[in-house]
Amino acid sequence: MSGAGPVHVAVGVVQDGAGRIVIARRDAHRHQGGRWEFPGGKIEPGETPFTALQRELAEELGVTAEAASPLIRIPYDYGDRQVVLDVMRVTAYSGEPEGVEGQPLARVAIDSLDPVAFPAGNRAIITALRLPSTYIISPDCHDPDDWLAQLDRCLAGGTRLIQFRVRGESPGRDRLASEAVKRCHAGGAVMLVNGDATLAEASGADGVHLNARQLRDCNRQSLSGFTWIGASCHNGPELARAADLGADFAVLGPVAPTASHPGAAPLGWAAFADAVAAARLPVYALGGMGRADTETAITHGGQGAAGIRGFWPGLSG
Ligand SMILES: Nc1nc2c([nH]c(=O)n2[C@H]2C[C@H](O)[C@@H](COP(=O)(O)OP(=O)(O)OP(=O)(O)O)O2)c(=O)[nH]1
Ligand SMILES: [Mg+2]
């Protein structure tokens with residue numbers, strides 16, 4: 001059994017009628033024993049991830065999975081075993097989940113899932129469940145009233161994740177950031193500040209979004225005060241660095257040509273998918289994206305799409 005490469009595992013996110021997630025406790029003497037898991041198990045020869053998941057959910061929960069969509073794929077090295085977790089969201093199933101093998105089950109709201117109770121590789125699954133499929137990056141601010149009205153429109157449209165990316169340094173910028181945080185929180189959204197941990201802290205933002213230089217130079221300790229950490233990446237090694245630093249998610253691009261970086265060679269979807277498949281954290285596609293690209297990004301293994309022009313009101317075109 002040893003030396004055969006990673007164990008490929010099909011993992012299912014099964015929700016009950018109230019939206020709570022069904023989790024099970026792993027038997028104490030198994031790998032990662034005693035921890036909570038999402039139901040699932042090893043993919044056998046001849047199975048696809050989905051048919052393996054169907055078999056595992058029948059064996060472990062006594063339910064029939066009818067449909068699932070990809071959530072995230074996580075390669076993870078536990079030292080004593082390497083796994084690739086192929087995580088799917090079960091979108092249709094019949095039957096009532098039960099601990100068929102005698103394993104304790106729990107039903108937990110997404111916000112109450114505690115990453116510490118799970119194997120370490122599961123942290124990215126829980127993050128992916130909490131993150132939305134669009135990440136809106138603000139443009140620079142020329143008129144604060146205008147800018148805030150556009151933020152309000154984003155929030156009214158259901159935006160839940162915003163990056164404050166107003167450049168420069170001015171008292172006006174600090175005030176704008178604090179007001180933006182207030183409005184984001186009132187609207188149920190999370191706000192990260194691009195490249196400026198000091199402003200992130202002073203404004204009460206939820207986190208910081210690291211630019212490429214900060215991703216290279218900063219350390220884990222300096223980021224420990226933030227709930228959310230995003231990172232800008234352009235390739236696989238930067239995605240690995242972001243995961244090592246403990247970032248929650250990354251953006252990867254440019255995927256398509258963009259007006260803001262005309263010189264940068266776009267990755268294209270195939271290279272995006274390859275880099276994301278090897279990443280240990282959720283990844284948004286960036287660069288030339290609009291709302292219509294969100295589904296394409298998810299199909300290529302991404303969390304969704306991120307951008308300024310295609311998302312911020314009044315800028316598209
Ligand atoms: N099912 C599941 N496995 C997980 C999760 N997170 C995680 O790291 N793993 C790891 C633990 C194991 O090394 C591997 C799953 O293998 P397993 O031995 O439990 O698979 P199985 O259900 O086919 O078990 P068995 O019948 O062979 O005992 O994946 C998770 O959320 N769910
Ligand atoms: Mg199992």
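Strand E2 (residues 21–25) pairs with strand E3 in the antiparallel sense, over 2 bridges. One of the contacts between these strands can be named: Arg25 has Trp36 in E3 as its bridge partner. The model in which this pairing appears is a predicted one.

E2 and E3 belong to an open sheet of 3 strands, whose order is E3-E2-E7 and whose pairing is antiparallel. Strand E3 (36–37) and strand E7 (105–108) each have a single partner strand and stand at the edges, so one side of each is left without a neighbour in the sheet. In general, the strands of a sheet are paired through hydrogen bonds of the backbone, in either a parallel or an antiparallel manner.

The wider setting is as follows. The protein contains 9 helices and 15 strands. Its radius of gyration is 20 Å, close to the 20 Å that the globule rule gives for 317 residues, so the protein is as compact as a globular protein of that length. The C-alpha trace spans about 60 × 40 × 40 Å along the principal axes. Of the 317 residues, 40% are buried. Among contacts with a separation of 6 or more, 59% are between residues 24 or more positions apart.

An unreviewed UniProt entry lists residues 6–131 under "domain: Nudix hydrolase". Over residues 6–131, helix accounts for 17% of the chain and strand for 38%. The C-alpha atoms at the two ends of this stretch are 27 Å apart.

Another antiparallel pair is formed by strand E5 (residues 64–77) and strand E6 (residues 82–94), which are joined by 12 bridges. Within this pair, Ala68 stands opposite Val90 in E6. E5 and E6 make a hairpin with 4 residues between the strands, and Gly79 in this hairpin takes a positive phi near 85°.

Arg89 also lies in strand E6. Is Arg89 buried, exposed or partly exposed? Arg89 has 17 other C-beta atoms within 10 Å, and because a residue needs 20 or more to be buried and 12 or fewer to be exposed, Arg89 is partly exposed. Leaving aside residues up to four places away in sequence, Arg89 touches Val13, Ala68, Ser69 and Leu71. The C-alpha atom of Arg89 is separated by 25 Å from that of Val255, and the two residues are 166 residues apart along the chain.

Strand E6 has a part in the surroundings of ligand 1 as well. Which residues are the closest to ligand 1? They are Glu37, Gly40, Gly41, Lys42 and Pro119, out of 17 residues that surround the ligand. Strand E1 (7–13), strand E4 (40–42) and E6 each supply at least two residues of this shell. By type, the shell divides into 7 nonpolar, 6 polar and 4 charged residues.

Further along the chain is strand E12 (residues 228–233), where 6 of 6 residues are buried. In a regular strand, side chains alternate between the two faces of the sheet. On one side of E12 are Trp228, Gly230 and Ser232, on the other Ile229, Ala231 and Cys233, and all of these are buried, which leaves both faces covered. Strand E11 (residues 207–210) runs parallel to E12 and is joined to E12 by 4 bridges. In this pairing, the bridge partner of His209 is Gly230 in E12, and Gly230 is one of the buried residues named above.

Definitions and conventions. Residues are numbered from 1 along each chain as its sequence is written. Chains are lettered from A and ligands numbered from 1 in the order in which they are written. This is a predicted model: local features need pLDDT of at least 70, side-chain atom pairs count only at pLDDT 80 or more; totals for chains, interfaces and linings use all residues. The radius of gyration is taken over C-alpha atoms; the globule rule is 2.2 Å times the number of residues to the power 0.38. Two residues are in contact if their C-beta atoms, placed from the backbone, lie within 7 Å. UniProt positions are given in the numbering used here, feature names are shortened, and annotations may be inferred rather than shown by experiment. Two strands pair if DSSP finds at least two bridges between them. A residue is near a molecule or strand if its C-beta atom, placed from the backbone, lies within 6 Å of it. Ala, Val, Leu, Ile, Met, Phe, Trp, Tyr, Cys and Pro count as nonpolar, Asp, Glu, Lys and Arg as charged, and the others, Gly among them, as polar.
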